[in-house]
Amino acid sequence: MDDAALLSYCLAKPGAWQDEPWEGDVVAKVGDKIFAFLGATSVGLKCGLTREEADELVRVYPDDVAASAYIGRYGWNVIQLAGAVPDNELYELVDLSYEAVVRKLPKSKRPTV
């Protein structure tokens, strides 16, 4: 999977929009919250409610998934796009990250489906 395909998938989610909060760093947001940090070769996603849940993915794909810097303790991982994680699983992880962020939004800021 390439970064353009992943960005398109993220932006197809209800209420999703692209932002660049730091020069050169593209993210996908829903409401005012980030659900995907999009890089040229990797993506940062919320992969669990806790670090322990997110570590399961690290155990399965140790060469291609790692805890995110700074926010990893909250269940965020960095996933290599051209690695061993299959595209269908990557799409599922985007869905889970999006859903986790939407659940935390106030009801008034949640997208309507």
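Strand 3 and strand 4 form a hairpin, with three residues between the two strands, and in this predicted model the pair runs antiparallel and is joined by three bridges. This hairpin belongs to an open sheet of six strands, which follow one another in the order 1-2-3-4-6-5 with antiparallel pairing. The points below begin with the sheet as a whole, then turn to strand 4, the helices, one residue of strand 5 and the largest pocket.

**The sheet and its edges**
- The edges of the sheet are formed by strand 1, which covers residues 16–22, and by strand 5, which covers residues 65–67, and each of these pairs on one side only.
- On average, neighbouring strands of this sheet are turned by 30° against each other, when the direction of the turn is ignored.
- In general, the strands of a sheet are held in pairs through backbone hydrogen bonds, and such pairing may be either parallel or antiparallel.
- Strand 1 pairs with strand 2, which holds residues 25–30, in the antiparallel sense and over five bridges, and within this pairing Gln18 stands opposite Ala28 of strand 2.
- Strand 1 and strand 2 also form a hairpin, here with two residues between them, and Gly24 in the turn has a positive phi of about 85°.

**Strand 4 and its partners**
- On one side, strand 4 is joined to strand 3 by three bridges, and Leu45 in strand 4 is the bridge partner of Ala36.
- Strand 4 also pairs with strand 6 in the antiparallel sense, over five bridges, and in that pairing the bridge partner of Leu45 is Asn77 in strand 6.
- Which residues cover the two faces of strand 4? Ser42, Gly44 and Lys46 lie on one side and Val43 and Leu45 on the other, and all of them are buried.
- Because five of the five residues of strand 4 are buried, this strand is largely enclosed by the rest of the structure.
- As a general rule, side chains in a regular strand alternate between the two faces of the sheet.

**Helices**
- Helix 3, made of residues 87–104, packs on the sheet and touches strand 2, strand 3, strand 4 and strand 6, while its direction makes about 45° with that of strand 4.
- Arg51 belongs to helix 2, which holds residues 51–60, and Arg51 counts as buried because its relative accessibility is 14%, where buried means under 20%.
- Leaving out residues up to four places away in sequence, Arg51 touches Val58, Ala67, Gly72, Arg73, Gly75, Trp76 and Asn77.

**Val65 in strand 5**
- Val65 lies in strand 5, and with a relative accessible area of 3% Val65 is buried.
- When neighbours within four places in sequence are set aside, Val65 is in contact with Leu57, Val58, Asn77, Val78, Ile79 and Val85.
- Val65 and Pro21 are 44 residues apart in sequence, and their C-alpha atoms are 24 Å apart in space.

**The largest pocket**
- The largest pocket has a volume of about 280 Å³, and 15 residues line this pocket, of which Phe37, Gly44, Ser68, Ile71 and Val78 lie nearest its centre.
- Strand 2, strand 3 and strand 4 each supply at least two residues of this lining.
- How many residues of the lining are nonpolar, polar and charged? The lining of the largest pocket divides into 10 nonpolar residues, four polar residues and one charged residue.

Technical notes:
Residues are numbered from 1 along each chain as its sequence is written. This is a predicted model: local features need pLDDT of at least 70, side-chain atom pairs count only at pLDDT 80 or more; totals for chains, interfaces and linings use all residues. Side-chain values use heavy atoms; hydrogens and water are left out. Two strands pair if DSSP finds at least two bridges between them. Helices (H or I, at least four residues) and strands (E, at least two) are DSSP runs, numbered from the N terminus. Axes are lines fitted to C-alpha atoms, for helices over the stretch in contact, and angles run from 0 to 180 degrees between N-to-C directions. Contact means heavy atoms within 4.5 Å. Buried means under 20% relative accessible area, exposed over 50%, partly exposed in between (1.4 Å probe, protein chains only). On a 1 Å grid over the protein atoms alone, a cavity is a set of points where a 1.4 Å probe fits but cannot get out, and a pocket is an open set with protein on both sides within 12 Å along at least five of seven lines; lining residues have an atom within 4 Å of a point. Grid points are joined across faces, edges and corners, and a volume is the space filled by probe spheres set on the points. Ala, Val, Leu, Ile, Met, Phe, Trp, Tyr, Cys and Pro count as nonpolar, Asp, Glu, Lys and Arg as charged, and the others, Gly among them, as polar.
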